[in-house]
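Colleague: Could you walk me through one part of this model up close? I'd like to know what surrounds it and how it is paired.

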Amino acid sequence: MSEVLLQTHGLSKRFGGHAAVSEVDLSVRRGEIHCLIGPNGAGKSTLFKLIVGTHEASEGRIEFQGREVTGERPYQRVQQGMSIKMQAPSVFRELPVRQNIHIALQHHARLAELRREEDRLLELLDLAADADKPAGELSHGQQQWLEIGMALALKPVLLLMDEPTAGLSPEETFKTGELIQKLNAEGMTVLVVEHDMAFIRQIAQRVTVLHFGKVFAEGSIAEVIADPRVAEIYLGKTHEHH
Ligand code: ADP
Ligand code: MG
């Protein structure tokens with residue numbers, strides 16, 4: 001059994017009387033790509049926000065690397081090794097791509113290593129040829145990758161992403177999957193909220209299905225896809241929006 005990096009215990013979030021997330025026990029193991037899926041409104045983004053700390057839990061606890069972080073602010077969780085790729089890209093549009101990476105890296109790499117680390121990330125993100133372009137001139141997909149790069153610059157233990165393929169073409173989506181797999185091959189643990197099933201099939205090692213705020217099913221991607229109950233809650237929901 002590999003080490004559990006992130007564990008939630010009975011985690012709940014209520015908005016008024018409505019339980020958006022209800023008594024969720026989620027384990028994310030070190031070294032895995034773990035996907036959180038479920039129909040629209042299932043509570044995925046709310047659970048994500050509880051984990052990163054932008055929402056306060058109504059009940060339950062969150063442990064990260066064996067340490068309780070339930071009451072901690074998002075920046076404190078980031079200091080402990082969580083790094084978050086937010087849904088909409090928020091790169092510095094007027095600054096060159098390399099400068100964006102440089103800014104993200106500056107407190108996390110030694111001066112002598114900065115340039116080499118910039119080059120490594122630019123290469124990894126397939127942005128080396130565009131390093132001197134203003135980030136605002138990149139395609140939407142490239143901006144998403146740059147944003148992933150900026151999250152990586154913090155040298156996280158756990159990379160968290162909410163719908164990293166939103167608004168991307170099928171080709172860009174596939175390339176994002178390849179990038180995540182490359183990071184994982186280097187040892188990165190990744191927690192991804194997604195509803196694009198093709199993308200989930202491409203990258204997921206472990207899957208948790210949320211439905212009405214509760215864990216509905218969990219297992220390997222093969223197990224979850226083979227579960228007729230999961231197919232049922234997705235029936236007629238192939239055109240879901242977020
Ligand atoms: P998902 O990401 O799976 O589509 P969400 O976590 O965004 O689902 O939403 C789960 C439920 O919680 C939905 O019914 C949604 O309307 C409700 N909800 C989410 N955020 C809020 C909020 N800030 N205030 C009130 N209700 C919310
Ligand atoms: Mg969502």
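What follows is a close look at one strand, β10, and its surroundings.

Modeller: Sure, with the ground rules up front. This is a predicted model, so local features need pLDDT of at least 70 and side-chain atom pairs count only at pLDDT 80 or more, while totals for chains, interfaces and linings use all residues. Residues are numbered from 1 along each chain as its sequence is written, chains are lettered from A and ligands numbered from 1 in the order in which they are written, and side-chain values use heavy atoms, with hydrogens and water left out.

Now the setting. The protein chain has nine helices and eleven strands; these are DSSP runs numbered from the N terminus, helices being H or I with at least four residues and strands E with at least two. Of its 242 residues, 51% count as buried. Buried means under 20% relative accessible area, exposed means over 50%, and partly exposed is in between (1.4 Å probe, protein chains only).

On to β10 itself, which covers 206-211. Five of its six residues are buried, so the strand is largely enclosed by the rest of the structure. What does β10 pair with? Strand β4 (residues 33-37) runs parallel to β10, with four bridges between them, and I37 stands opposite V209 in β10. With β11, β10 pairs in the antiparallel sense over six bridges, and here V207 stands opposite G219 in β11. For the record, two strands count as paired if DSSP finds at least two bridges between them. As a rule, in a regular strand the side chains alternate between the two faces of the sheet.

Then look at the turn after β10. The β10 and β11 hairpin has two residues between the strands, and F212 takes a positive phi near 50° there. F212 isn't a glycine, yet its phi is positive. Is this residue, F212, buried or exposed? At 68% relative accessibility, F212 counts as exposed.

There's a useful counterpart elsewhere. E163 also has a positive phi near 50° and is a residue other than glycine; E163 sits in the loop between β8 (158-162) and α6 (170-185). At 5% relative accessibility, though, E163 counts as buried. So the picture to keep is an enclosed strand, β10, leading into a loop where F212 is exposed.
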